Amino acid sequence: MTLAPPAASPADALRRHWGFDDFRPLQQEAIEAALAGRDTLVVLPTGGGKSLCYQVPAACGAGAVLVVSPLIALMDDQVAAAQEAGLRAVALHSNLDDQARRSAHAQLAAGGADLVYVSPERLLAAGVPAGIAGRLALFAVDEAHCVSHWGHDFRPVYRRLLEVLARVPSVPRMALTATATAAVRDDVCSQLGLRTPVKLVGHPDRANLVYRAFPRHAQLEQVLGVIRRHPGEGGLVYAQTRREVERLAGGLASAGVACQPYHADLPAEHRRTVQDDFVNERLDVVAATIAFGMGIDRSDVRFVVHANAPRSIEHYQQESGRAGRDGLPAECVLLFSGADLATHRRIAANDAAAAPERTRALERQLREIGRYAVSPVCRHRLLSEHFGAAYPAQECGACDVCLGETRTLAAAQALETAQKILSAVGRTRERFGAGYVVNVLLGRRDERTARNGHEQLGVFGILGEIDERTIRFWIDQLIVQDLLAVATDAEYPTLRLTTAGRDLCRGAGEVRLGEVVRTPAVRRRRAVPPPAAGEADVVLFERLRMLRRAVAARLRVPPYVVFHDSVLRDVAAATPRTMAELAEVRGLGEKKLERYGDAVLRVVAGDDPDRVAAAF
Ligand code: ADP
Ligand code: ZN
């Protein structure tokens with residue numbers, strides 16, 4: 001089978017090169033705007049299909065597409081994936097070895113490249129590569145939020161991209177990003193000099209992700225609980241500090257989980273191995289600080305658990321967003337404690353660059369993530385609304401609140417409960433921390449409660465039938481709702497009533513309280529393929545994964561570049577016998593069929609995956 005000449009239309013290119021029948025939301029609009037010469041801003045969530053927005057124009061034969069990307073580590077994989085789809089792609093960055101650099105330049109000089117990935121540093125140093133300057137059809141800037149101070153990942157070098165863009169004024173520009181608030185979007189448009197751009201902002205919701213947020217009471221056990229729902233699946237455990245990463249990784253290993261730590265203090269060699277093993281599916285679980293993630297492109301990550309609260313909702317969206325990039329179900333769990341926010345403050349205070357406006361921004365971000373973590377409100381809704389989008393559904397069916405794992409108390413009960421807690425703080429004269437207030441509410445007598453005469457208070461033991469965990473959770477909820485405040489001016493943190501808290505004691509104002517009523521059930525079977533699949537499908541799916549792993553190892557590319565899980569799952573369900581039947585499976589373009597079709601059919605027919613892979 002040989003490839004036909006360039007496809008005429010975007011839809012043809014999509015079918016021929018990627019084997020997809022339909023565009024995802026906004027892809028077609030982005031592609032058509034670019035082909036019509038317009039500047040575009042594309043905001044699509046992770047997994048939304050941003051790369052096709054600039055790859056399809058290259059595949060259409062419209063001319064050359066230049067892509068600026070800050071993720072050098074990812075670039076070679078992106079190029080490999082594009083080549084797998086039959087595109088003439090090359091990468092230019094500082095990590096190329098001599099041979100790769102020479103061959104990239106030769107290909108460019110011969111006019112043999114339609115898709116050129118370049119690092120911003122390289123672009124600023126050397127300008128638009130001569131081999132494509134004359135037929136440049138589109139200038140794409142990936143991870144465009146890096147240009148903005150207001151974003152979560154500012155790169156000073158991005159600020160200078162306009163110098164290069166200005167040298168090719170007639171070329172349309174496309175800026176792409178996954179997470180951007182309105183302020184960041186505006187900043188991107190002006191910093192990159194977009195000219196009356198077509199703004200395509202997708203809905204930020206990731207419907208395939210189940211979001212859960214629970215108060216943390218036993219970090220290791222709770223993390224283990226999540227991992228046990230995903231036997232044999234890839235996942236990330238994020239912790240706040242290096243020490244905590246080490247502790248968690250050790251604990252998980254003792255519990256029998258094959259897991260590696262990753263943080264900035266570990267030797268470069270160890271970090272490289274961990275990253276490599278994870279991407280190539282030789283290692284399933286990594287416990288890491290947020291140093292791990294940029295440039296990790298494994299599409300079948302099935303869970304991301306935060307053992308501590310992240311620094312902002314933007315960070316959370318970014319980090320949790322590494323789950324389920326293949327569009328299949330995945331789970332994101334946040335284990336929250338108010339102490340995490342204090343740690344973030346401490347880390348920020350140690351940062352010499354902390355300017356007053358940064359500190360103010362941090363306080364706002366910490367309140368937002370705290371509110372996300374403890375409010376008994378649909379998590380999909382909270383995230384969508386944070387990024388400025390309405391969430392129309394009443395219930396998402398995919399978060400702890402909507403799944404009934406966290407229950408919202410009826411309004412009257414919430415008010416009464418909150419008043420009891422607030423009055424315990426008031427009656428003990430706002431001089432104690434959460435631990436002591438909990439003791440008073442539970443009616444636990446000790447030497448201090450006796451000495452302070454608090455055992456005589458009407459609030460002593462007023463929540464005696466409730467467990468300690470739940471009362472602590474409620475206190476956290478009252479804090480993020482600004483009904484209680486934590487004062488740190490004393491020797492140890494103490495709870496204080498806010499004005500709104502005092503008002504609520506008199507019955508003025510509103511409060512929402514939730515309690516965890518059950519923990520998610522343990523699933524015995526892998527999430528992929530879906531539980532409805534028969535046993536035979538599961539076995540075939542695993543054999544196809546073996547084929548993919550072996551082929552990827554031989555070709556020295558990550559497994560997802562060869563096939564996505566969704567393709568293997570569909571093949572396992574369809575059990576195709578012929579090339580024509582195999583071509584029906586979504587996600588298999590002509591090039592892939594030609595290259596791997598035979599091998600897949602042989603494995604479906606029962607051949608040994610390793611032996612089949614030996615032909616590559
Ligand atoms: P993003 O960069 O927005 O996170 P990607 O470009 O990596 O997303 O695409 C995510 C996944 O969606 C990839 O596996 C890609 O092959 C797939 N995909 C993209 N567009 C389509 C489409 N139109 N139909 C089906 N799958 C698609
Ligand atoms: Zn929900």
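Here are some notes on two ligand sites and one buried arginine in this structure, which is a predicted model.

1. Start with ligand 1. Which residues come closest to ligand 1? There are 16 residues around this ligand, and the closest are D22, Q27, G47, K50 and S51. Try picking out those five on the screen before you read on.

2. Sort the shell around ligand 1 by class and you get 4 nonpolar, 7 polar and 5 charged residues. Helix α3, which covers residues 50-59, gives the most to this shell, with 3 residues.

3. Now zoom in on some atom pairs. A polar side-chain atom of S51 sits 2.3 Å from an oxygen atom of ligand 1. For K50, a polar side-chain atom is 2.7 Å from an oxygen atom of the ligand. G48 takes part through its backbone instead: one of its backbone N or O atoms lies 3.4 Å from a ligand oxygen atom. And how much of ligand 1 does the protein bury? On its own the ligand exposes 570 Å², and the protein buries 87% of that.

4. Next, have a look at ligand 2, a zinc ion. Its protein donors are the SG atoms of C378, C396, C399 and C402, at 2.2 to 2.4 Å from the ion. Along the sequence, these donor residues follow the spacing C-x17-C-x2-C-x2-C, which is a handy pattern to look for when you scan the chain.

5. What is the geometry of the zinc site? It is tetrahedral, with angles of 105 to 119° among the 4 donor atoms. You can check this by turning the model until the 4 donor atoms are all in view.

6. Two of the zinc donors deserve a word about burial. C399 counts as buried because its relative accessibility is 0%. C396 has a relative accessible area of 18%, so this cysteine is buried too, given that the cut-off is under 20%.

7. Last, go to R298, in the loop between β11 (285-288) and β12 (301-306). Is R298 buried or exposed? R298 counts as buried because its relative accessibility is 2%.

8. So which side chains does R298 meet in there? The side chain of R298 makes a polar contact of 2.7 Å with the side chain of D300. Another polar contact, of 3.2 Å, joins the side chains of R298 and D284. If you show just R298, D284 and D300 as sticks, you can trace both contacts yourself.

Note on methods
Residues numbered from 1 in each chain as written. Chains lettered and ligands numbered in written order. Predicted model: local features only at pLDDT ≥ 70, side-chain atom pairs only at ≥ 80, totals over all residues. Heavy atoms only, no water. Near = heavy atom within 4 Å. Polar contact = N/O pair within 3.5 Å; in protein donor to acceptor, adjacent residues only side chain to side chain. Areas by Shrake-Rupley, 256 points an atom, 1.4 Å probe, with all protein chains shown as cover. Helix = DSSP H or I, 4+ residues; strand = E, 2+ residues; numbered from the N terminus. Nonpolar A, V, L, I, M, F, W, Y, C, P; charged D, E, K, R; others polar. Donors = N, O, S within 2.8 Å, 3.2 Å for Na, K, Ca; no water. Tetrahedral: all angles 85-135°; square planar, octahedral: opposite > 155°, others 65-115°. Buried < 20%, exposed > 50% of the residue type's maximum accessible area, 1.4 Å probe, protein only.
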